[in-house]
Every structure is written in C-alpha cells, then in structure tokens.
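I opened the notebook to record what I looked up in this model. The entries follow the order in which I checked things.

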Amino acid sequence: MIMHKQWWWLWLCCPENFLKCKRDANFDKCLVDAVNHAIQLLKSGNKEFGIPPLEPLSVKKLVIDAGNAPINLRQTLKNVKVHDMISTSKIQRYRTDLDKHLIICDSKTDRIEMIGDYEMSGRILLLPITGHGNSNITLVNTKIEHRLIGEPFEKDGVKYMRLKEYRVNMEPKRVYLQFENLFNDKTLSEGMNRFLNENWETVFTELKVGYSKSFGLVFKELSNKIFEKVPFDHIFLS
C-alpha cells in the first residue's frame, strides 16, 4: 500500500529543471534536496518512463498475511487508492554505497490513507474475524526506512543497475482501521472495528511485515522502470 519522498527514485527522470547530484562528499545531502524537489513535480506521473500518477497511487492488489499468535490473519486489499503519501512526505536522510549498489533512505510521511476493497479471514487475539467490503487504513506520522539493493548489468556495452530487493520498514505513530461489513452484521462490525482501533498497535505490529513486503514489491517495480532505461552514470553523475 509502498509503495515517498520515500520515492527516492523519482528524481531519476531528470527533466532539465530537476536537480542532479554528483558522486562526491556531498552526494547524500544533495540527494535529499533533489528528491524532495522532484517528488512534487512528478505527482501526475511520467509517461516516458511508464510511471503512473502518484497522487493518488493506484495499487491493484496487496496481500497481507500474519500467521503467528496473537494474530492469524489473511487480508487481501484490491483496487487500492493510496492518498496523501506523496504530498505529505519528506526525505530526511540518505546513506549510499554505490560500489555495493546499496541505497538507504529515511523519510517521514504525515499521512498515508489506503482506500479499497478488502477480503479478510482469521483470528485476532483469539477473536474470529471475517468479512469483505470497503476498507480504509490510515497511517499517521510514519517513519519509513527504504533499503534498495541493486545489481549491475550491461546493455549495448553500457552499465545499468536494477533492483534485486526493495525493503521497507514502516513505523507509524498511529493507525486507524475501518472495515465495512465484518461478519455481514452491522452491530458486530461496529464492535470489531472499535476493538481494532483500541488495539491498533498490537494489530499493526503483527501486520506491518506484510504491508512492508507488499509495498516493497510495488516500489521495486516502479523504481526499475527508471533503472532499466537510464545508464548508471547518467543517474549518478561521476
């Protein structure tokens, strides 16, 4: 639900009015300024690189599994619209090791609102839970670490880089959960939603690995749209 000024890669489209960074002692700091500037310019997407509109970001499907007590749950979100993630984000720090094709980014996002259809079944704190319908999952004041692990490849004798992994770790200060039509009963649904929000920290702690993996896959796919088209030395100026 990935997935910014956590979207560090957006600056790579490099229109002429975008800031560019040289690989020197100031590189990591330069990236912070460049990406924070570029993100706002790319909210509407970029057709040349196949980047869709990012505000809101459309995600076809997110699958979140938690298989250990106290939560055993499978949650599938479909046709998700992710709101506010771009406009309320700010990159705070980069740590890069381009010799190892490693990029780490820390960001803070004021609000991430995921609205879409859900299907859910399992148990939460020994309570059975099942349902399908509309959902709203909102994360507030979220710190996110993005760890991008790349590998080099050559095309026509030119070096490129693609991402093998995009790891995400999300640490929100508050999560709000709303699932309509739980148990196919309005009264039971209201009661369970109240319970979920009163125990949001326990619930999200168990689910966040699933959310992080799902968004990591989304971000990896979007990032590689750039990496696989732009030579390494054009992205990271020597």
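**Charges.** For this entry I count Lys and Arg as positive and Asp and Glu as negative, leaving out His and the chain ends. I put each charge at NZ of Lys, CZ of Arg, CG of Asp or CD of Glu. The model is a predicted one. I looked up the charges of the protein chain and found 35 positive and 30 negative. Their mean positions lie 1 Å apart.

**Fold.** I read the secondary structure next. The protein chain holds four helices and six strands. In sequence order I noted α-β-β-β-β-β-β-α-α-α. The radius of gyration of the chain is 19 Å, close to the 18 Å that the globule rule gives for 238 residues, so the chain is as compact as a globular protein of that length. I also took the span of the C-alpha trace along its principal axes, which is about 60 × 30 × 30 Å.

**Surface and burial.** I looked up how much of the protein chain is covered. Of its 238 residues, 48% are buried. The exposed area comes to about 11,600 Å². Carbon and sulfur atoms supply 48% of that area.

**Helix α2.** I then went to α2, residues 186-198. This helix has 13 residues and reaches 18 Å from its first C-alpha to its last. That is close to the 18 Å expected at 1.5 Å a residue. Which residues of α2 are buried? I listed S189, M192, N193, L196 and N197. Looking down the axis of α2, I found these buried residues within an arc of 135°, so they line one face of the helix. On the other side of α2, I noted T187, R194 and E198 as exposed.

**The loop before α2.** I checked two residues between β6 and α2. N181 sits in this loop, after β6 (158-179). Its phi is near 70°, a positive value in a residue other than glycine. Most residues other than glycine have a negative phi, and I marked N181 for that reason. N181 is partly exposed, at a relative accessible area of 30%. N184 belongs to the loop between β6 and α2 as well. Is N184 buried or exposed? I found N184 exposed, with a relative accessible area of 63%. I also took its distance to T130: the two are 54 residues apart in sequence and 8.5 Å apart in space, C-alpha to C-alpha.

**D84.** I found a positive phi of about 75° at D84, which is not a glycine. Where does D84 lie? I placed D84 in the loop between β2 (71-83) and β3 (89-97). I looked up its accessibility too. D84 has 21% relative accessibility and counts as partly exposed. The cut-off matters here, because buried means under 20%.

**A cis bond.** Most peptide bonds are trans. I checked omega along the backbone. The peptide bond from E55 to P56 is cis, with omega near 0°. P56 is in the loop between α1 (27-41) and β1 (57-66).

**T202.** My last entry is on α3, residues 200-227, where I found T202. T202 is partly exposed, with a relative accessible area of 35%. How many residues separate T202 and V59 in sequence? I counted 143, and their C-alpha atoms are 25 Å apart in space.

Terms used:
Residues are numbered from 1 along each chain as its sequence is written. This is a predicted model: local features need pLDDT of at least 70, side-chain atom pairs count only at pLDDT 80 or more; totals for chains, interfaces and linings use all residues. Side-chain values use heavy atoms; hydrogens and water are left out. The radius of gyration is taken over C-alpha atoms; the globule rule is 2.2 Å times the number of residues to the power 0.38. Buried means under 20% relative accessible area, exposed over 50%, partly exposed in between (1.4 Å probe, protein chains only). Accessible areas come from the Shrake-Rupley method with a 1.4 Å probe; for residues, only the protein chains shown count as cover. The expected span of a helix is 1.5 Å times one less than its number of residues. The arc is that of the directions from the helix axis to the C-beta atoms.
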